[in-house]
Amino acid sequence: MPSFPTNPLVRPREDDSLQLCYRLPHRIHAAQAYPLRSPNGSSIIIYGYETGLKVVWRGGKGFAPLKKTAPQDLAKSAKLDGGDAVMIIDSDEEDSAPAPTTPEVPTFDFETLESEVDPAFPFEPILRQIDIPLGSRVLDVAVPRIFPEEARAALDPFPTAAKDTIFVAAVCSDLSTRVVTLPLVPPHPTQKDSSSWNVQKVTLNGGVTHQDIPRGVSMTFTFQEAGDEAGRRKVQTRVEEAGRWDLLVATHSAEGSGALLIHRVPLSEVQSDNRNLYRVTEQDLVTQRRTLPSPARSIAFNPSAYPFARHSHLLVAFNSGCVKVYSCLSNPKPSAKSTRRESISQEDTEPLDVEGRWLISLYPGFEQGAPGLVRRKTIIDADWVLGGRAIMVLLADGEWGVWDIEGAGPGTTKGPLHRQSNVQGVTGGSLTTYAVSGRIVAPLTNTQSEAEPRSRFAPMTPSTRRVREDTLLKGSTTSPSPSLRGQISVCQTGISHDLPDESILLRHGQHTAAIPSLLSLWRNAVKATGTFDSSNRCRVTPFQVVNLMGENFQAIGHLPAPARRSRALSSQKFDILVAAEQQVVILAPRLVESEDDAPSAPRAAKPDTHAEADQLMLRRGELDVEGMGRLLSGMANGGGSLRVGTSPVKRARIFT
């Protein structure tokens with residue numbers, strides 16, 4: 001089996017982070033970061049290649065020495081303390097049967113202390129890796145979008161089926177859809193036999209399959225209450241113990257005008273190594289097929305968990321310039337004469353519609369096509385944001401926007417998908433208005449120049465303060481060329497005023513940008529009075545170029561940072577995973593020992609560190625007004641110059 005390298009090629013970046021390049025002997029077709037860490041704190045990477053899946057555990061606490069449970073000695077167990085011994089003499093003619101032997105059961109645990117940081121290798125090691133052969137090329141991979149404990153509220157629902165089990169859905173070149181389950185805990189390195197890994201591989205048939213190669217897959221959890229054959233849904237604050245967890249797996253292909261298959265896969269609970277694992281049950285599999293008006297570009301299930309009604313909403317993006325929302329387990333529409341209270345009670349009691357229905361269609365703007373023709377802008381990706389209450393779309397010309405379909409965002413009112421009579425959350429017919437929008441820009445190279453000169457001065461008013469700051473402190477940028485390759489990655493980082501705060505990664509062609517806080521940017525955009533927040537959390541920040549050695553982007557995503565005390569104090573709880581054609585790249589900060597482990601760290605170096613960080617942010621065009629004040633104060637005290645045009649500070653390059 002091909003092996004994932006443990007020694008990466010390390011390249012330092014301008015922000016003092018590291019670019020870890022893992023060169024692979026095979027081609028990557030799809031990659032995902034699992035949203036949950038393993039119990040020992042490891043982050044999990046899953047990618048598909050020519051013959052199957054690779055699962056990699058990175059970082060976390062290492063394995064403790066292996067323990068072996070010796071078989072019980074039957075002779076000693078039969079001995080009675082303080083009692084009379086009873087001897088049974090068998091006949092000499094009968095052959096004595098061999099005593100049954102219990103095989104040794106190896107058990108293992110993890111170290112209680114986290115591993116020390118080696119200054120020569122300041123990055124997380126690869127703890128364990130396994131190959132899961134599927135016998136066919138894996139074209140796309142999906143994992144459930146669930147939130148870790150630190151990123152969700154205390155009362156937010158969480159599917160118990162995902163507590164100890166990894167769920168992966170994959171579509172293959174043999175037109176099949178596979179579901180793979182395995183424990184969240186990595187197997188011990190001494191467990192070489194794949195039969196001891198508790199891996200289950202199931203092919204979804206259900207009597208309905210694709211007749212063309214599937215182009216994408218998405219999955220989520222749902223719940224089937226016990227004794228409810230029609231699939232009733234009741235509004236409740238917690239999931240009842242009596243019932244069954246199911247998987248919803250959706251795939252799409254280009255056969256005919258476009259096909260969408262939705263599988264409802266039952267799960268059963270089993271006990272293994274003192275853990276509750278979930279396995280796929282094939283006998284009650286239900287599949288529905290929908291014909292699409294045109295081939296879909298991408299699909300994504302809503303990240304909300306059961307019992308929210310939107311947990312079964314499927315987002316379908318089309319190349320033709322349309323985004324639709326499909327309810328896989330929707331209810332019949334209430335009567336027009338019924339009141340809002342009556343419609344809610346009817347929704348709580350009537351059975352679910354197994355076939356589902358389309359809920360809403362959203363449309364971007366227009367662009368100039370062939371001479372004399374106007375066409376709809378091309379969509380390259382779309383995904384759920386704001387905890388599943390809004391939709392973000394990325395267009396081929398680099399534009400992005402957010403549709404607030406429930407009116408839950410800052411400065412908006414309730415929308416049509418929130419059982420309201422108004423449509424103020426979403427407005428427009430042939431053109432749907434964005435709640436907040438922007439455009440990905442690419443920094444100018446040395447051979448390029450600005451198309452038009454900038455104004456030398458800008459008025460100092462609250463509404464133009466941000467423009468003035470960008471003019472003075474931000475480097476020159478230009479719009480990227482149109483591209484049909486792109487991706488949106490969303491990661492919930494916390495809760496702010498009952499709204500989820502999310503980090504966004506946008507990939508457009510060979511350019512990548514980040515929104516550290518979509519909620520902060522949204523609030524800043526809808527402010528009508530007062531000053532603007534000039535922090536980097538309210539901006540779309542272009543990435544420093546990721547050196548892929550000429551290879552194309554395959555995927556980008558948020559990788560949960562392995563559990564470590566020094567990372568717990570950091571504001572960024574994730575690393576960035578980039579998959580190219582034959583390499584996996586991880587962008588992560590340089591590891592340092594926590595303050596508890598290194599109490600003698602010099603405190604006098606903090607002012608120099610701040611000055612160096614301000615100089616770096618000034619060269620990147622991201623320095624705010626407070627930082628400019630610190631630099632000017634340093635110049636007045638003889639601390640040096642701004643060094644805007646000088647080259648960055650050279651650091652030692654690390655190669656391993």
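User: How many of the residues of the protein count as buried?

Analyst: Of the 656 residues of the protein, 47% count as buried, and it should be said at once that this is a predicted model.

User: What makes Cys-21 and Cys-172 count as buried?

Analyst: A residue is called buried when its relative accessible area is under 20%. Cys-21 has a relative accessibility of 1% and Cys-172 has one of 0%, so both values fall under the cut-off and both residues are called buried.

User: How many disulfides does the structure hold?

Analyst: The structure holds zero disulfides, which means that no pair of cysteine sulfur atoms lies within 2.5 Å.

User: Why is Ser-327 called buried, and where does it lie?

Analyst: Ser-327 lies in strand β20, which covers residues 322–327. Its relative accessibility is 2%, and because buried means under 20%, Ser-327 meets the condition. When its neighbours within four places in sequence are left aside, Ser-327 is in contact with Ser-312, His-313, Gly-356, Arg-357 and Leu-359, and being in contact here means having heavy atoms within 4.5 Å.

User: What about Ala-162: where does it lie, and is it buried or exposed?

Analyst: Ala-162 lies in the loop between β9 (138–142) and β10 (165–172). Its relative accessible area is 0%, and since that is under 20%, the residue is called buried. Not counting residues up to four places away in sequence, Ala-162 touches Leu-36, Ile-146, Phe-167 and Phe-221. Ala-162 and Tyr-278 are 116 residues apart in sequence, while their C-alpha atoms are 8.2 Å apart in space.

User: What share of the contacts in the protein with a separation of 6 or more comes from residues 24 or more positions apart?

Analyst: Such residues account for 66% of the contacts in the protein with a separation of 6 or more.

User: How do you know that β24 and β27 stand at the edges of their sheet?

Analyst: The open sheet has four strands in the order β24-β25-β26-β27, with antiparallel pairing. β24 (379–385) and β27 (436–439) each have a single partner strand, so one side of each is left without a neighbour in the sheet, and this is what places them at the edges. From one strand to the next, the twist averages 15°.

User: Why do β24 and β25 count as a pair?

Analyst: Two strands pair if there are at least two bridges between them. β24 and strand β25 (residues 390–395) have six bridges in the antiparallel sense, so the condition is met. Within this pair, Asp-381 stands opposite Leu-394 in β25.

Conventions
Residues numbered from 1 in each chain as written. Predicted model: local features only at pLDDT ≥ 70, side-chain atom pairs only at ≥ 80, totals over all residues. Heavy atoms only, no water. Buried < 20%, exposed > 50% of the residue type's maximum accessible area, 1.4 Å probe, protein only. Helix = DSSP H or I, 4+ residues; strand = E, 2+ residues; numbered from the N terminus. Axes fitted to C-alpha atoms, helices over the stretch in contact; angles between N-to-C directions.
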